[in-house]
Structure formats: structure tokens, C-alpha cells
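Please look over the sequence and the structure shown here before reading on. The report that follows takes up one topic at a time, under short headings.

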Amino acid sequence: MTTTQPRHDMYSAIHKGIRYAHCQQLMHLSNFDIDDDVARDALIASMRRHMVLCHGHLHHENEHIHTALEARSPGASEVAEEGHVEHEQSFAEIENLIEALAKAPKSERAAAARALYRRFALFMAHDFEHMNEEETILQTALQYAFTDAELMEIEHRIVTSIPAEEVPLSVVPMLCAMHPSDRRATLSGMKQGMPPEAFGGVMEGMVRPHVSDREWAQLSDLRG
Ligand SMILES: [Fe+2]
Ligand SMILES: [Fe+2]
């Protein structure tokens, strides 16, 4: 009996992370204290950070994945490209609504917050469908057009193109969204490819605040 090795998956980890971050952001939008300026400012700052993640993800896919796929299979990235055009419109509208909330007097803050909440939820709904298309239709096209080594090379180009200050925006939700066994495997891989001090920084800054004491103890061998 022959067993088939699963092909390299370009999307699963980052899309799980984005879904996780979308849901966290929607919850934050839905229940922040609209009467408190500090809470409003914190919400706006977190919303802007989240949109940097969303922009960055779309940009990486356009520049590194769609360009490469189009060169091998013209037209294959069309379905995802259409979704990206719609996303760019959403980003512009969401930014306008963030700005409106930032400037709204207290008497208009509830209405401004509600408008942003609803528009962001609509974008999330579209993005959930879009990511599913990428994980099925586009993933199949990529796996047909490229070897796993080539897919890993594309992924490596994406990872190394992310500015250091933006790395936590994607890595933290990606790690948070994983089952503990997947988190351990991912961290083991990261440890092999990073200088010890940098990996120590990831463990202390991006893992420790988000895992239970029990899981942290179980990861002690990676920290040694
Ligand atoms: Fe996309
Ligand atoms: Fe995507």
C-alpha cells in the first residue's frame, strides 16, 4: 500500500491566524467603553494595527504568490485577485470609519462605533469566503504549478520581506490560533532557523503571554 505525502500548505497557518485576529478585533469593537477616551484610543490603535496585518497579507499574496502563479499558469490567480480588489475598497472604507470614530464628539461616538463595527464585520464575512477560496481553488493551482520546494521558497521570500516591527502582527495570532501540538512543532522549526537570542525573544514576548502555565512548562525544553 502506498501512502501519499500531504503537499505543502501555503495558507493554513496564516489564515487561521487572520481568522483568530479578525474575531478578536470584532469582539474588541463590539464591547469597548465608548464613554472612555483611553478605551476609544486603544481601540483605534488596535484597529489600525490589525489593518496593517490585513494590508500586508494582501500585498504579500499579490507580490509573491499571484505574480509567480501567473507566470506559470496565466489566469489562475484571477479569482483571488477579484477578492483583493474588493478588499482594497473595504480597507479604504474602514480607514475612513476609523478616522470618523477618532474625530466623533462623545454624542456621536456610539453611531460612529456601530458603523465601523458593521463595516468591519462585513469585510470579515467576505474575507472568510475569500480565504476559503484561496485554501481550495488557489492552493490546488499552486500545488499543480509548483513543487513543494518551490512553494517553500515563495513562502520564505514572504517571511523574510516582513519588516521586523510588523512580525508580531502575524506571528502572535498565528501561534495563538494553533493547537498546542502544532504550536510546539512550529516553535521547534522556528528555533532551528533563528539565533538563540531572537528565539528567546519570541518565546518570552510572543508565546509566554498567550499560553497557560501548564503549556509553558511543557515548552521548557525548547527554552533551554
Ligand atoms: Fe487573499
Ligand atoms: Fe490570504
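## A salt-bridge network

In this predicted model, the side chains of R48 and E99 form a salt bridge in which the closest N and O atoms are 2.7 Å apart. Because R48 belongs to helix α2 and E99 to helix α3, this pair ties together parts of the chain that are 51 residues apart in sequence. R48 is partly exposed, with a relative accessible area of 32%, and E99 is likewise partly exposed, its relative accessible area being 30%.

E99 also meets the side chain of K103 in a salt bridge, with an N to O distance of 3.4 Å. K103 and E99 both lie in helix α3, where they are 4 residues apart, or about one turn of the helix. K103 counts as exposed, at 63% relative accessibility. Through salt bridges that share partners, R48, E95, E99 and K103 are joined into one network.

## A salt bridge between helices α1 and α4

The structure holds 13 salt bridges, and one of them joins the side chains of E135 and R19, with an N to O distance of 3.1 Å. This pair links distant parts of the chain, since E135 is in helix α4 and R19 is in helix α1 (residues 12–31), 116 residues apart. E135 counts as partly exposed at 23% relative accessibility, and R19 counts as partly exposed at 23% as well.

## The site of the iron ion (ligand 1)

Which residues hold the iron ion (ligand 1) as protein donors? They are E61, through an OE atom, H84 and H130, each through NE2, and E134, again through OE, and they lie 2.0 to 2.2 Å from the ion. Along the chain, the donors of the iron ion (ligand 1) follow the spacing E-x22-H-x45-H-x3-E. Among these donors, H84 in helix α3 (residues 78–103) and E134 in helix α4 (residues 106–145) form a pair that links distant parts of the chain, 50 residues apart.

Why is the arrangement around the iron ion (ligand 1) irregular? The 4 donor atoms subtend angles of 80 to 166 degrees, and it is this spread that makes the arrangement irregular. For four donors to count as tetrahedral, all angles would have to lie between 85 and 135 degrees. As for accessibility, H84 is buried, with a relative accessible area of 2%, and E134 is also buried, at 1% relative accessibility.

## The site of the iron ion (ligand 2)

The protein donors of the iron ion (ligand 2) are H15 and H57, each through NE2, together with E61 and E134, each through an OE atom, and they lie 1.9 to 2.2 Å from the ion. In sequence, these donors follow the spacing H-x41-H-x3-E-x72-E. The site of the iron ion (ligand 2) is irregular, with angles of 79 to 175 degrees among its 4 donor atoms. E61 coordinates both the iron ion (ligand 2) and the iron ion (ligand 1), and the two ions are 3.3 Å apart.

Two of the donors, H57 and E61, belong to helix α2 (residues 37–72), and because they are 4 residues apart there, about one helical turn separates them. Are these two residues buried or exposed? H57 counts as buried at 15% relative accessibility, and E61 counts as buried at 2%.

## Domains and the largest pocket

The domain assignment of the chain gives domain 1, which covers residues 12–165, and domain 2, which covers residues 178–224. The C-alpha centres of domain 1 and domain 2 lie 26 Å apart.

The largest pocket has a volume of about 1300 Å³. Its lining is made up of 38 residues, of which E155, V159, V171, M174 and M190 lie nearest the centre of the pocket. At least two residues of this lining are supplied by each of α1, α2, α5 (148–161), α6 (167–176), α7 (180–192) and α8 (196–207). The largest share of the lining, 7 residues, comes from α2.

Definitions and conventions: Residues numbered from 1 in each chain as written. Chains lettered and ligands numbered in written order. Predicted model: local features only at pLDDT ≥ 70, side-chain atom pairs only at ≥ 80, totals over all residues. Heavy atoms only, no water. Donors = N, O, S within 2.8 Å, 3.2 Å for Na, K, Ca; no water. Tetrahedral: all angles 85-135°; square planar, octahedral: opposite > 155°, others 65-115°. Buried < 20%, exposed > 50% of the residue type's maximum accessible area, 1.4 Å probe, protein only. Salt bridge = Lys/Arg side-chain N within 4 Å of Asp/Glu carboxyl O. Domains from an automatic or database assignment. 1 Å grid on protein atoms, 1.4 Å probe; cavity = no way out; pocket = protein on both sides within 12 Å on 5 of 7 lines; lining within 4 Å. Points joined across faces, edges and corners; volume = space filled by probe spheres on them.
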